[in-house]
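Q: I would like to learn how to read a protein model feature by feature. Could you walk me through one?

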Amino acid sequence: LGMIVNPVNSVVPAMAELYKKKGLDPMKIIGITTLDVVRANKFVGEITSKNPTYINVPVVGGHAGTTILPLFSQDKAGKTIEADKIPDLDKHVQNAGTDVVEAKGGKGSATLSMAYAGARFGKSVLAGLSGRKRVECAYCKSEITDLPYFAQKVVFGEGGIVKVLPLGELNEHETKRLEEAKAQLKGEIESGLKYAESESLA
C-alpha cells in the first residue's frame, strides 16, 4: 500500500502498526518519498549540466523539512559539487514544496511533480512484482538506524520490498545532518505510534 499522504512521517508508522495489530505485514505500508529523490536529481542536473535521468541521489530520513536528507555524495554527479554549495542545495531539496506553493501565490502545490514521482514509484513496484528488481527510496519500517521507521533504499521484487539496503558511506555534512533528521523524525514517528495504540482496523 503506497501512501502519498501528509504527514507521511506520522501516518505510515500509525498505519503499519495497525496492520501489525491485525496480523498483517507492516512492510506492506510504504510512504512514497520519490518526490524528494526526483527533486534532488533535478537540482544536481541543473548544477552539473547533466541529464537528471542518469542521476540517482538517494534521499533518506523522512519526508518533511529537516527530516529530508539527500545523500549527494552517493551519486557520481552529486559528489562533484563543491562542498560549500551542499548546505544550500540540501535546503533547496527540503524546501522545494514550499517554494512551489509560494511561486503559485498559495493557489496550488507541486501537483505534476507529485504525479510523476508517484508514477515512477508505481512503475518500480510493478517491475519488481513481475520479477525485475528495482531500487527506490521509500519510507517504511526500518532497522538501519535506531528509529523504527525511516526513508531508506529498498529493493522491490516479487513480494514487494524484498530487501532493505544499508545507508552506505556518509560524508561529514551528511553524518551531521543525519543526527538532525533523526531528532526531528523521532517525535513525528512517536505521534503516529501513539495514535495506533488507541485505534484498530475494522
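A: Gladly! Let us start with bends in helices: the bend at a residue is the angle between axes fitted to the seven residues ending there and the seven starting there. Keep in mind that this is a predicted model.

Q: Where is the kink in α5 centred?
A: The kink in α5 is centred on Leu 185, and its angle is about 25 degrees.

Q: What span should helix α5 have, and what do its end C-alpha atoms show?
A: The idea is to allow 1.5 Å a residue. Helix α5 covers residues 172-197, which is 26 residues, so it should span 38 Å. Its end C-alpha atoms are 38 Å apart, which agrees.

Q: What reaches the backbone nitrogen of His 173 at the start of α5?
A: A side-chain oxygen of Asn 171 does, coming to within 3.2 Å of that nitrogen.

Q: Which residues of α5 are buried?
A: Buried means under 20% relative accessible area. In α5 the buried residues include Leu 178, Ala 181, Leu 185 and Ile 189, and also charged-type names you may know, such as Glu 174, Arg 177, Lys 182 and Glu 188.

Q: How should I think about a nonpolar core?
A: In soluble globular proteins, nonpolar side chains tend to be buried together. Here the largest nonpolar core has 17 residues, and Val 12, Tyr 139 and Phe 150 touch the most other members. The elements giving two or more residues to this core are α1 (8-21), β6 (149-157) and α5. Another core, of 16 residues, lies apart from it, with Val 44, Ile 55, Phe 72 and Leu 89 among its members.

Q: What is the volume of the largest pocket, and which residues lie nearest its centre?
A: The volume is about 530 Å³. Of the 19 residues in the lining, Asn 41, Pro 52, Thr 53, Tyr 116 and Arg 120 lie nearest the centre. Two or more lining residues come from each of α2 (34-48), α4 (111-129) and β5 (134-141). The largest share, six residues, is from α4.

Q: Which residues does a cis peptide bond join?
A: Look at Asn 6 and Pro 7, where omega is about -5 degrees. Pro 7 sits in the loop between β1 (2-3) and α1.

Q: What is the phi of Ser 49, and is Ser 49 buried or exposed?
A: Phi of Ser 49 is near 60 degrees, a positive value in a residue other than glycine. Ser 49 belongs to the loop between α2 and β3 (59-61). Exposed means over 50% relative accessible area; Ser 49 has 66%, so it is exposed.

Technical notes
Residues numbered from 1 in each chain as written. Predicted model: local features only at pLDDT ≥ 70, side-chain atom pairs only at ≥ 80, totals over all residues. Heavy atoms only, no water. Helix = DSSP H or I, 4+ residues; strand = E, 2+ residues; numbered from the N terminus. Expected span 1.5 Å × (residues − 1). Buried < 20%, exposed > 50% of the residue type's maximum accessible area, 1.4 Å probe, protein only. Polar contact = N/O pair within 3.5 Å; in protein donor to acceptor, adjacent residues only side chain to side chain. Core = buried A, V, L, I, M, F, W, Y, C linked by side-chain atoms within 4.5 Å. 1 Å grid on protein atoms, 1.4 Å probe; cavity = no way out; pocket = protein on both sides within 12 Å on 5 of 7 lines; lining within 4 Å. Points joined across faces, edges and corners; volume = space filled by probe spheres on them.
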